[in-house]
Amino acid sequence: MSSQPVEPDVHTPAGGAAAVRIEGLWKRFGEHVAVAGVDLELPAGRFVGLVGPNGAGKTTTLSMVTGLLRPDSGTVRISGHDVWADPVSVKARIGVLPEGLRLFERLSGRELLLYTGQLRGLSKAETERRAGQLLDVLDLSASQHKLVVDYSTGMRKKIGLAAALLHNPEVLFLDEPFEGVDPVSAQTIRGVLERYTGSGATVVFSSHVMELVESLCDWVAVMAAGRIRAQGPVSEVRGEASSLQEAFLELVGAGERGSGHELDWLGGTADVATAAPAAAATPDPTGPNPAAADGGSR
Amino acid sequence: MKPAADRESTDPTATGAAPADGTPAPSAPETPAGPQSPSVAAPAPAGARAVPSGPAVTGTMVRLKWSLLANGLQQSAGRTAAFVTAAVLAVVVGGLLLLGLLAMRGRVNADALAVFLTATTALGWAVLPLFAGGGDETLDPGRMAMLPLRPRPLLAALTASSLIGVGPLFTLLLALGCTLALAHGAAGALVGVLAVPLVLLTCVALARAVATANSRMLASRKGKDLALLSGLMIAFGMQAVNLGLQQIGDQGGLGALRPYSDVLRWLPPASAVEAVRAAGAGEYALAALGLATTALALLALLWWWLRSLTRLMVDPDSSTIQPAQDKTRKPSGDSAQRGLGRLLPEGRTAVVIERTLRYAWRDPKTKTAWATSIGLGLLMPFITSGSVYSACWVAGMMGLLMYNQFGQDTSAFWMVAATISDRRDAYVELRARSLAIALITVPFTVVVVVVSAARLDDWGRLAPALGIALAVAGVLVGLGAVSSAYHPYSIPQDSGYRNVAPGQGALAYLSFLLGAVVGALLCLPLIVLLAVLSDGGAAATWVLLPLGVVYGTAVAYGGLRVAAARTADRLPEILSAVSKG
């Protein structure tokens, strides 16, 4: 029952075709330019990572791509359909898990899924079937009658993911799906997403945990200060660097700042001062690592 | 205060809460504690760690409370204004009460009034922490848990710091007034000197004990929900006061309080006030009993507070413990909703109606709005009695619920926006929301109008009143939908009082004002028709019932259509407007 929660019934993955095509995307908030001319072409059927430091414009970009924020200029096409000109075709094809927006939290997890499924036009019986399976696979069955407002961060991300997957979209957009998520939930989410891309669907997710992106994605776009700095298969973006993290720091221009000499009093003895910050360099690949984006340790 | 050894060893002269850099005013409780906290891990000589003495802790806590008050005032102009208003109000009201009680000195019902006021104030202190939780940081024992403090000195320190504030000032004025009104002779004065601090301490200890005993609950989601309902509680409280004053007025004076005060004077802390009167009257045994009752109550409260405090500081926070998971639990509890869900057809309409009604019950802000509409709708016809037509208030109040629909969703509106692709979707969404409101409004309005007609025995006006009421509801639903689409604004979710996010106030009030004016204009034809028909005799006015229903439905339909078009075109703009709360 739980082996096939989502049936790939609407996917028509054309090999090599672009799932998402973004051209000249701009967004200003007053004086601040959040997204400064983004051009992106994300291949279908891939696991795509959108990486960048905080404030790079990832969330703004994803909001515009999913129709939740109107761009100042530029076009976004999903499977060939313009997001702003043809919302009927686009909204049925995408699933979204935004960051920083609430859910209908006074519904229980199960009620939230039944509500979302029927808003998406699924029949009640079909919604119930899919919701039950998703709750099972995401390990939420025991909490399905609890109000979402009482959920932990990891459970919220999982119920949000379930709501986004319910109508079996072609392209799934996830904004920081692993932020604040414990390793067990992260592994569960990861498993579901891998199965989902395995069926030919596309996942686009933003993150600043480089190890996670490197191990999960086969395509990556690096964003900084509202622009795309690099895009392509992970191996290509990594290039000569030993890891994606290193290549990323190079690309976004983070220097050797904070190597630790100012904090030479920190730690038990003075000479271990430079080693102390590096202790954070072996995080759980699926867990959140807030230090990674600051790039201080390498 | 020298709670930590490393501090003591480097700065043996430090005795106050001021941090080493000399900053006089710590901005948060952590500040005085801050330098000490890492001392647990710091390589300090063993055995040198001291536990601060009682008076030192008391001094620190009092200074801390003072700093918190002062820094809170520096934080924002709004907070300063609120505090100054509260302080001025407390001084003015407290002062007026004091003067009033002084004027009552020697009058017949002075004791009844004094006892009643004291008991009411104590009740206020008991419920205050439940609705105003989190206002005072020195109150949160969780913040002290990491400090090397013993419960008893901490209790004394917290009591002392609790005496600083607007509430204690008001209570002091009141207790002073009650005592001065009743104290006669040397014995009365002597008991009065004891009674004033007893009343004040009992009130403060009561509030603290209640807050500490419920601190886990108050910090949880349920506690925060309760705090969000405080606006509603205050509204109902004021209504109770209003009715009480009316009763006093009706029954010709303070004698109306007598039955209550006869019971309350045996209860602490009012028994201390009663003791003052008894001492003045020479009933010394009664005076001793009254004082003893309050003193015992104070001790009991302190004991209860101490016990909760100790438990709170040593027990693990249960919020981090995983609840026992119960897979077998059936989806019970919402059987009524399930019944409703079964009655409705499948699709957006049904789930949106279900969600709207669930929110009216489960979401504190939405619940407040619904309860206000229903409560005022019930109250208005009775306050402005005299005509069956005043029952139209009900429909008006209920219709207001349709305003700012998307603001009520908060940023969760994205879930709706993500599923609206065209005007049809937007129309179905808005129609379902208005149907949910109608589902409650229509039967409720019918009942209130019929009850009004029965109460006034004016059955002739039943049909036209019902017709106009339903038309008003329809007009407001239509206008509310339009307003929701054209002037969405955020509803802050963290405050029980504010219903508009900062910066959007003008927008909200203008749209409300505009809605009221346009609504009145739209209802005008029916009112004119009523006037014309009434001239020709009451018999003809029944046509207003079907007319009103048709008219209201038509306006609602038109409003929904206009709103749907706008909503579908402006989804991102609406989302950003409602996401500021």
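Begin by selecting chain A, which has 9 helices and 10 strands, and keep in mind throughout that the model is a predicted one. Buried residues make up 49% of the 298 residues in this chain, and among its contacts between residues at least 6 apart in sequence, 69% join residues at least 24 apart.

**Stops in chain A**

Select helix α9 of chain A, residues 244-252, where L244(A), Q245(A), A247(A), F248(A) and L249(A) are buried. If you then show β3 (47-51), α7 (210-216), β9 (219-224) and α8 (234-238) of chain A, you will have the elements against which the buried residues of α9(A) pack. After α9(A) comes G253(A), with a positive phi near 75°.

Go next to E111(A), which is found in helix α3 of chain A, residues 109-119. Is E111(A) buried or exposed? E111(A) counts as buried, because it has 24 C-beta neighbours inside 10 Å, the cut-off for a buried residue being 20 or more. Add E128(A) to the selection: the two residues are 17 apart along the chain, and their C-alpha atoms are separated by 9.7 Å.

Two loop residues deserve a stop for their backbone angles. N168(A), in the loop between α5 (153-165) and β7 (171-175) of chain A, has a phi near 50°, a positive value in a residue other than glycine. With 21 C-beta neighbours inside 10 Å, N168(A) counts as buried. A225(A), in the loop between β9 and β10 (227-233) of chain A, also has a positive phi near 50° and is likewise not a glycine. A225(A) counts as partly exposed, because 16 C-beta neighbours lie inside 10 Å.

**Crossing to chain B**

Now display both chains and look at where they touch, a contact that takes 29 residues from chain B and 27 residues from chain A. On the side of chain B that touches chain A, α16 (348-362), α20 (413-417) and α25 (571-578) each supply at least two residues, and α16(B) gives the most, with 6 residues. Coloured by class, the residues on this side of chain B divide into 10 nonpolar, 7 polar and 12 charged.

Chain B by itself has 25 helices and 0 strands. Of its 581 residues, 43% are buried, and residues 24 or more positions apart account for 81% of the contacts with a separation of 6 or more.

**Helix α22 of chain B and its partners**

Select α22(B), residues 462-486, together with α23(B), residues 505-535, whose axes come within 10 Å and cross at roughly 150°. That angle makes α22(B) roughly antiparallel to α23(B), and the crossing of the two is right-handed. To see where they meet, show residues of α22(B) including I468(B), V472(B) and L479(B), and residues of α23(B) including G515(B), L522(B) and L526(B). By class, this contact has 12 nonpolar, 4 polar and no charged residues.

Keep α22(B) selected and bring in α24(B), residues 544-569: here the axes come within 7 Å and cross at roughly 5°. The two helices are therefore roughly parallel, and their contact has 24 nonpolar, 10 polar and 1 charged residues.

**The nonpolar cores**

Which residues touch the most other members of the largest nonpolar core? Within this core of 157 residues, they are A162(A), V203(A), A469(B) and V472(B), and α22(B) gives the most to the core, with 17 residues. Centre the view on A469(B) and you will find that, leaving aside residues up to four places away in sequence, it touches A391(B), C392(B), V394(B), A395(B), T445(B) and V449(B). Apart from the largest core lies another, of 64 residues, among them A275(B), A297(B), L301(B) and L309(B).

**Last stops in chain B**

From A275(B), move to L194(B), which is 81 residues away in sequence and 9.9 Å away in space, C-alpha to C-alpha. L194(B) is found in helix α8 of chain B, residues 185-213, and is partly exposed, with 18 other C-beta atoms within 10 Å.

Finish at P269(B), placed in the loop between α12 (258-264) and α13 (270-280) of chain B, where a cis peptide bond joins P268(B) and P269(B), with omega about -5°.

Key:
Residues numbered from 1 in each chain as written. Chains lettered and ligands numbered in written order. Predicted model: local features only at pLDDT ≥ 70, side-chain atom pairs only at ≥ 80, totals over all residues. Axes fitted to C-alpha atoms, helices over the stretch in contact; angles between N-to-C directions. Helix = DSSP H or I, 4+ residues; strand = E, 2+ residues; numbered from the N terminus. Parallel < 35°, antiparallel > 145°, perpendicular 65-115°, else oblique. Left-handed = near helix turned anticlockwise from the far one by under 90°. Contact = placed C-beta atoms within 7 Å. Nonpolar A, V, L, I, M, F, W, Y, C, P; charged D, E, K, R; others polar. Buried ≥ 20, exposed ≤ 12 C-beta atoms within 10 Å, placed from the backbone. Core = buried A, V, L, I, M, F, W, Y, C linked by C-beta atoms within 7 Å.
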